[in-house]
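Dear colleague,

I am handing over the structure below, and I would be glad if you could look through it before reading on. My notes on what was found in it follow directly after.

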Amino acid sequence: MSEEKDGGPDDGARADDELTAEQIDAETPGVEDAAELEAAEAELADEAESDEDKVVATPTRRRQRSTSDRPANRSTGVTRAGEGTRSRADAERARAAELRDKRSIGRFLREVVAELRKVIWPGRKELITYTTVVIVFVAVMVALVAGLDIAFAQGVLAVFG
């Protein structure tokens, strides 16, 4: 049987929430007053218990507006000054103008320059290092492909001779 710090037997009768002051002090370094900690824990437990009793509304879908829900000025067909509905042709012209703006070469070049300004350019030392790595890698791959080509050519000549 193991013994707790206060000298009593540990027979499982004591729950985790019923720790002694010495155990709380040992488990929570930096907390000077165990009673303060116990009070805070009790307060949190009470808050959690009260939160469990709350009913949370589930989100509902918006209901479709019926004609009786519409504002008076819309149901009667009256519009406010300066807020007329544009025609379909006007809307299509506006959409075409937007597409022209999106597809213009000037805009494309401005966006390219903006993106290039965001790039972190390598310094001289990094550039030399990366270039050397690429050249060595390409040389190794060329040697590998050339070796395989020669080997297959010799194999074909040996078989078909």
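R93 and D90 are joined by a salt bridge in this predicted model, and the closest nitrogen and oxygen atoms of the pair are 2.5 Å apart. Both residues belong to helix α4, which covers residues 88-103, and because they are three residues apart in that helix, about one helical turn separates them. As for their surroundings, R93 counts as exposed, since its relative accessibility is 51% and the cut-off for that class is over 50%. D90, with a relative accessible area of 33%, is partly exposed.

The structure holds three salt bridges, and it may help to take the remaining ones in turn, both of which lie in helix α5.

In one of them, E111 pairs with R107, and here the closest N and O atoms are 3.1 Å apart. The two residues sit four residues apart in helix α5, which runs over residues 105-118, so that the spacing again comes to about one turn of the helix. Neither residue is classed as buried: E111 is partly exposed at 42% relative accessibility, and R107 is likewise partly exposed, with a relative accessible area of 33%.

In the other, the side chains of K118 and E115 meet, with a distance of 3.1 Å from N to O. These residues are three residues apart in helix α5, and about one helical turn therefore lies between them. K118 counts as exposed, its relative accessibility being 59%, whereas E115 is partly exposed, with a relative accessible area of 46%.

Turning from these pairs to the protein as a whole, which kinds of elements does it have, and how many helices and strands are there? The protein has six helices and zero strands, so that, when it is followed from the N terminus on, the order of elements reads α-α-α-α-α-α.

The surface can be described in a similar way. Of the 161 residues in the protein, 4% are buried, a class that is reserved for residues with under 20% relative accessible area. The accessible surface of the protein amounts to about 15200 Å², and carbon and sulfur atoms account for 57% of that surface.

When you go through the structure yourself, you could begin with the pair R93 and D90 in helix α4 and then move on to helix α5, where E111 and R107 are found, as are K118 and E115.

With best wishes

Definitions and conventions. Residues are numbered from 1 along each chain as its sequence is written. This is a predicted model: local features need pLDDT of at least 70, side-chain atom pairs count only at pLDDT 80 or more; totals for chains, interfaces and linings use all residues. Side-chain values use heavy atoms; hydrogens and water are left out. A salt bridge is a side-chain nitrogen of Lys or Arg within 4 Å of a carboxyl oxygen of Asp or Glu. Buried means under 20% relative accessible area, exposed over 50%, partly exposed in between (1.4 Å probe, protein chains only). Accessible areas come from the Shrake-Rupley method with a 1.4 Å probe; for residues, only the protein chains shown count as cover.
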